[in-house]
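Here is a dialogue between a student and a tutor, meant to be read beside the model.

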Amino acid sequence: MTDLADRQARAQMALWQDHLRAVSDRGDPYAQLLRAPEDPYPLYEHVRARGPLHRSGLGVWVTASHKLANKVLRDKRFGVRRADGTKAPEFMPFDNSMLGLDPPEHTRLRKLSVPSLNPRRLQRWTPVAEQVSDELIDRILAGRAEFNLMSAFAQQLPLRVIGDLVGIPQRHRRSFFQLSRRMAYLLDGVASVEVARDVRAAIAEMTVMFTDIIAERRADPADDLISDLLPAVDDGRLAMDELVPLCMFLPLAGTETTVNLIGNAVRALLRHPEQWEMFKADPSLAPAVVQETLRYDTPVQQYRRIAHTDVELDGHLVPAGTELAICAGAANRDPEVYSAPERFDITRESGPDTLSFSAGIHFCLGAALARIEAEIALVALAARLPDLRRVGQVRRRDSFIIRGMLQFPVAVR
Ligand code: HEM
């Protein structure tokens with residue numbers, strides 16, 4: 001970035017922050033949500049009180065309604081890019097991933113990725129996840145009684161699995177881990193010029209690393225995503241400059257989310273000791289614990305769509321080009337759909353699908369893997385660390401998109 005561009009971005013960011021503060025101070029619940037409160041759930045109820053759809057003072061249309069959100073996500077008149085092809089906000093440096101594309105490019109990239117990520121193929125990661133969970137717990141048991149569950153366990157498992165799935169050689173694993181953590185800010189919405197600059201630098205380093213790995217895989221194919229996709233590069237279905245972002249996006253989409261699913265599940269269980277006891281007594285409840293955590297405290301709290309044409313919705317006209325925020329964390333607690341939605345209850349009758357993995361054409365491609373990893377992680381923790389308890393202050397991520405913890409101090413003895 002040049003100095004001039006840097007200064008412009010900084011000025012733009014400062015203006016945005018001032019505007020956000022002013023609208024938030026006027027009591028706009030969506031603006032208050034964007035300031036990443038510790039607990040967004042009371043604010044979601046203020047959003048809900050404004051009706052199934054309302055226009056925030058920030059100009060964004062907002063919904064907390066499960067029914068309306070589901071409809072929008074399946075409506076072809078909404079996409080993720082503006083009509084001129086750009087994606088908002090402009091200062092996001094990484095927008096050519098599958099998630100940032102509309103059809104037909106999105107359809108093509110998604111079709112190419114499906115074979116490596118279909119639920120049947122993802123089952124093969126079960127033994128890997130079991131082995132990694134066990135190794136991590138061995139290490140925990142050999143160490144200090146008190147530790148940060150996020151760094152010692154939750155952050156490690158998904159990265160190890162995705163590293164194998166994508167095909168990252170062992171010698172690159174350490175920098176892959178570090179770069180992934182730096183890029184994770186992308187999911188939070190880049191909040192400062194400094195962070196944007198660092199994320200860009202991490203992307204540049206990761207690009208060099210992947211270019212190297214791809215060359216290696218071409219010479220010596222293996223059982224991984226890169227090797228699966230190389231034939232598509234050779235026959236022209238996939239451009240080389242699409243393969244690298246695809247490989248980089250997966251670790252991002254697949255780790256920060258799953259890390260926090262594991263963390264949020266443990267946190268919810270420990271805050272509801274009777275349910276923690278119930279789960280320890282009956283590990284076959286693991287899928288129910290994961291499902292209820294996805295509903296009660298989803299790692300991806302919101303995502304957006306852009307109207308590609310004027311759309312009539314719930315009695316409002318949503319003009320072409322405007323953005324609509326889907327508050328998944330709120331839709332998952334919509335009382336029209338879930339009874340006593342504010343209650344964490346692993347014995348809940350399974351209701352309609354949550355919006356934690358989205359819906360429609362961008363439905364999460366890694367949902368099955370996330371469930372496998374979280375279930376295995378929870379079963380292993382319950383069996384081997386039954387005395388797990390929180391021993392200190394939790395520190396959350398400063399994000400309105402990703403809900404999770406950076407510090408979750410626990411003890412095992
Ligand atoms: C708890 C874990 C996870 C959560 C909560 C989650 C959530 C989501 C959500 C909400 C979207 C769609 C956003 C939108 O509609 O705008 C999405 C898309 C995606 N996710 Fe996940 N995800 C998780 C794990 C994973 C994993 C493990 C992988 C990969 C192995 C993955 C790969 C993807 C991909 C490739 C997309 C883009 C799909 C598309 O655009 O067609 N995710 N995820």
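The questions below turn to the ligand and then to a sheet of this predicted model.

Student: Which protein atom is the donor to the iron atom of the ligand, and how many Å away is it?
Tutor: A donor is counted here if an N, O or S atom lies within 2.8 Å of the metal. The protein supplies a single donor to the iron, from a residue placed in the loop between helix 17 (328–331) and helix 18 (367–384). That donor is the SG atom of C364, at 2.3 Å.

Student: Which element gives the largest share of the shell around the ligand?
Tutor: The ligand has 25 residues around it, and H106, R305, S358, H362 and C364 come nearest. By class, this shell is made up of 15 nonpolar, 8 polar and 2 charged residues. The largest share, 7 residues, comes from helix 14.

Student: How many Å separate a polar side-chain atom of H362 from an oxygen atom of the ligand?
Tutor: A backbone N or O atom of I361 is 3.4 Å from a ligand oxygen atom, while a side-chain N or O atom of R110 is 2.7 Å from an oxygen atom of the ligand. For the polar side-chain atom of H362, the distance to a ligand oxygen atom is 2.7 Å.

Student: Which residue is the bridge partner of F147 in strand 12?
Tutor: The open sheet has 3 strands in the order 4-12-9, with antiparallel pairing, and its edge strands are strand 4 (146–148) and strand 9 (389–390). Strand 4 pairs with strand 12 (residues 409–411) over 3 bridges. In strand 12, the partner of F147 is V410.

Conventions. Residues numbered from 1 in each chain as written. Predicted model: local features only at pLDDT ≥ 70, side-chain atom pairs only at ≥ 80, totals over all residues. Heavy atoms only, no water. Donors = N, O, S within 2.8 Å, 3.2 Å for Na, K, Ca; no water. Helix = DSSP H or I, 4+ residues; strand = E, 2+ residues; numbered from the N terminus. Near = heavy atom within 4 Å. Polar contact = N/O pair within 3.5 Å; in protein donor to acceptor, adjacent residues only side chain to side chain. Nonpolar A, V, L, I, M, F, W, Y, C, P; charged D, E, K, R; others polar. Pairing = 2+ DSSP bridges.
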